[in-house]
Amino acid sequence: MRKIDMIALISGIAGAVLGMGVSPWFFILTAAAIYVLPLLRLFKILNDADEFELDAMKNGALLSFAISGSFMFSYLVYSQIKEVPSDFSGIMYFLIIVQAFAFYMFKYYHYWMSRKAGRIILGIELLFWGIFVILSAESFG
């Protein structure tokens with residue numbers, strides 16, 4: 001793992017924890033950690049990825065777009081059929097989490113092409129959801 005990727009990972013986790021506990025403005029740090037490096041690599045501003053890694057990122061972006069778009073469409077249809085309370089911020093949190101995890105899951109699975117990648121991603125996702133649930137319980141309890 002590159003140093004810049006490690007810094008982004010630590011910054012993203014710190015931003016999520018501080019965003020849930022201190023101020024929502026720290027979510028900007030998480031968003032930067034999730035989206036800035038892939039965008040810089042895809043637009044060839046940051047030129048540290050080979051063609052195989054760029055291809056994996058493009059496939060991950062396409063699949064995460066399809067998954068998050070499907071979720072938004074199905075929620076729109078569901079909200080028209082059944083009247084549901086509008087919890088826009090909760091839906092957006094969920095959508096961002098689904099989109100980010102789908103991108104990284106498909107990117108790393110395509111890049112590593114192994115079950116090891118799936119286990120690592122599943123472990124990170126479970127860790128994140130565990131932290132999210134604990135911090136949510138603390139802030140609402």
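Methionine 6 counts as partly exposed because its relative accessibility is 37%; partly exposed lies between buried, under 20% relative accessible area, and exposed, over 50% (1.4 Å probe, protein chains only). Methionine 6 sits in helix α1, residues 3-21. Met6 also joins Leu9, Ile10, Ile13 and Val17 in a nonpolar surface patch of about 400 Å². Such patches take residues with over 30% relative accessible area and no salt bridge, with nonpolar side chains joined within 5 Å. A salt bridge is a side-chain nitrogen of Lys or Arg within 4 Å of a carboxyl oxygen of Asp or Glu.

This is a predicted model: local features need pLDDT of at least 70, side-chain atom pairs need 80 or more, and totals for chains, interfaces and linings use all residues. Residues are numbered from 1 along each chain as its sequence is written, and side-chain values use heavy atoms, without hydrogens and water.

Now the whole protein. It has five helices and zero strands. Helices are DSSP runs of H or I, at least four residues, and strands are runs of E, at least two, numbered from the N terminus. Of its 141 residues, 25% count as buried. The protein exposes about 9,700 Å², and carbon and sulfur atoms supply 73% of that. Areas come from the Shrake-Rupley method with a 1.4 Å probe; for residues, only the protein chains shown count as cover.

Next, helix α3, residues 51-81, which holds serine 74. Serine 74 is partly exposed, at 40% relative accessible area. Its side chain reaches the backbone oxygen of phenylalanine 71 at 2.9 Å.

Note on methods: Patch = residues over 30% accessible without salt bridge, like charges linked within 9 Å, V, L, I, M, F, W, Y side chains within 5 Å. Polar contact = N/O pair within 3.5 Å; in protein donor to acceptor, adjacent residues only side chain to side chain.
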